[in-house]
Amino acid sequence: MSNKSSTKDKILDAAEHLFAITGFAETSMRQITSKANVNLASVNYHFGSKKDLIQAVMDRYLSQFLPQLLNEIKQLSQSQPDYSITQLCSCFKQPLLDLEKINTHGSVYFLQMLGRGYVDYQGHLRVFITEKYGSALTHIQQAFHKTKPELTPADLFWRLHFILGTSVFTLAASNALSDISNKDFDQTMNTEQIIDELLPFLAAGFINS
């Protein structure tokens, strides 16, 4: 790996950790450079601005997650044209788990940052995601709508965002939930097992809300 790519990855790793834990608005460039052990000139060279860095951090995950998810949905549609909401929700499992290949805490960081995008109201991030991945997001929305075609666009919007919010909270608190589960119920839960518990709940909430 070249020094340039190594420095770039160090900046991305540091930034995504801070963005996930602290938030986009509350994370300063000084914190990022300190954690990555680089100078500000390196960040400016590779990314140009904080907004561009935020977009690059999210894009590292989205560029892997969305194509893989769309492929899972495509395979489900071909093998099971009248798929259920439970089957559709299950399509998210492996793409989420495979984010751990980017970072040990990849699935958690990804959902935390998605949540931060709303809490911090990063308008530029929404524009970036919509412009680059709009067709993929539309396809996913249509896949959900197919399982309950009577939903209005507004109903679909709210239910999908409730799904996102529940997912963000659950995985963001996965360490605490694992500790509670272990102490109170003698259950040792990893990320995959938590997702297995989460997905049927999301499916039921989408259909029965």
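**Notes on a predicted helical model**

1. Glutamine 55 lies in helix H4, and in this predicted model the residue is a convenient place to begin. With a relative accessibility of 16%, glutamine 55 counts as buried, because buried means under 20% relative accessible area. Once its neighbours within four places in sequence are set aside, glutamine 55 is in contact with His124, Leu125 and Phe128.

2. Leucine 53 should be read together with the nonpolar core. The largest nonpolar core holds 62 residues, and those that touch the most other members are Phe19, Leu53, Phe110, Met113 and Phe144. Helix H4 gives the most to this core, contributing 11 residues. Leaving aside neighbours within four places in sequence, leucine 53 is in contact with Ile11, Leu12, Ala15, Phe19, Ile32, Val43 and Phe47. As general background, nonpolar side chains in soluble globular proteins tend to be buried together.

3. Methionine 113, another of the core residues that touch the most other members, is found in helix H7. Its relative accessible area is 0%, and methionine 113 is therefore buried. Not counting residues up to four places away in sequence, methionine 113 touches Glu16, Phe19, Ala20, Phe24, Val57, Met58 and Tyr61. As for a distance along the chain and in space, methionine 113 and asparagine 175 are 62 residues apart in sequence, and their C-alpha atoms are separated by 17 Å.

4. The charged pairs deserve a point of their own, since a search of the whole structure finds 7 salt bridges, and the reader may wish to look at arginine 60 in particular. Arginine 60 forms a salt bridge with aspartate 13, in which the closest N and O atoms are 2.7 Å apart. This pair links distant parts of the chain, with arginine 60 in helix H4 and aspartate 13 in helix H1 (residues 3-22), 47 residues apart. Aspartate 13 counts as partly exposed, at 32% relative accessibility.

5. Glutamate 16 also forms a salt bridge with arginine 60, and here the closest N and O atoms are 2.6 Å apart. Glutamate 16 lies in helix H1 and arginine 60 in helix H4, so this pair ties together parts that are 44 residues apart in sequence. Glutamate 16 and arginine 60 are both buried. Taken together, Asp13, Glu16 and Arg60 are linked in a network of salt bridges. Glutamate 16 is, in addition, one of the residues that methionine 113 touches.

6. A further salt bridge joins lysine 93 and aspartate 196, with the closest N and O atoms 2.9 Å apart. Lysine 93 is in helix H6 (residues 93-97) and aspartate 196 in helix H11, and the pair links distant parts of the chain, the two residues being 103 residues apart. Aspartate 196 is partly exposed, with a relative accessible area of 37%.

7. Which residues lie nearest the centre of the largest pocket? They are Leu114, Tyr118, Leu137, His161 and Leu164, out of a lining of 38 residues. The elements that each give two or more residues to this lining are helix H4 (50-79), helix H7 (106-119), helix H8 (123-147), helix H9 (153-172) and helix H11 (191-208). Among these, H8 gives the most, with 11 residues. The volume of the largest pocket is about 1,200 Å³, and its lining residues divide into 28 nonpolar, 9 polar and 1 charged.

8. Two loop residues should be checked for their backbone angles. Asparagine 37 lies in the loop between helix H2 (29-36) and helix H3 (40-47), and its phi is near 60°, a positive value in a residue other than glycine. With a relative accessible area of 64%, asparagine 37 is exposed, because exposed means over 50%.

9. The second of these residues, aspartate 186, is placed in the loop between helix H10 (174-185) and H11. Its phi is near 55°, which is again a positive value in a residue other than glycine. Aspartate 186 is exposed as well, with a relative accessible area of 67%.

Methods
Residues are numbered from 1 along each chain as its sequence is written. This is a predicted model: local features need pLDDT of at least 70, side-chain atom pairs count only at pLDDT 80 or more; totals for chains, interfaces and linings use all residues. Side-chain values use heavy atoms; hydrogens and water are left out. On a 1 Å grid over the protein atoms alone, a cavity is a set of points where a 1.4 Å probe fits but cannot get out, and a pocket is an open set with protein on both sides within 12 Å along at least five of seven lines; lining residues have an atom within 4 Å of a point. Grid points are joined across faces, edges and corners, and a volume is the space filled by probe spheres set on the points. Helices (H or I, at least four residues) and strands (E, at least two) are DSSP runs, numbered from the N terminus. Ala, Val, Leu, Ile, Met, Phe, Trp, Tyr, Cys and Pro count as nonpolar, Asp, Glu, Lys and Arg as charged, and the others, Gly among them, as polar. A nonpolar core is a set of buried Ala, Val, Leu, Ile, Met, Phe, Trp, Tyr and Cys residues joined through side-chain atoms within 4.5 Å. Buried means under 20% relative accessible area, exposed over 50%, partly exposed in between (1.4 Å probe, protein chains only). Contact means heavy atoms within 4.5 Å. A salt bridge is a side-chain nitrogen of Lys or Arg within 4 Å of a carboxyl oxygen of Asp or Glu.
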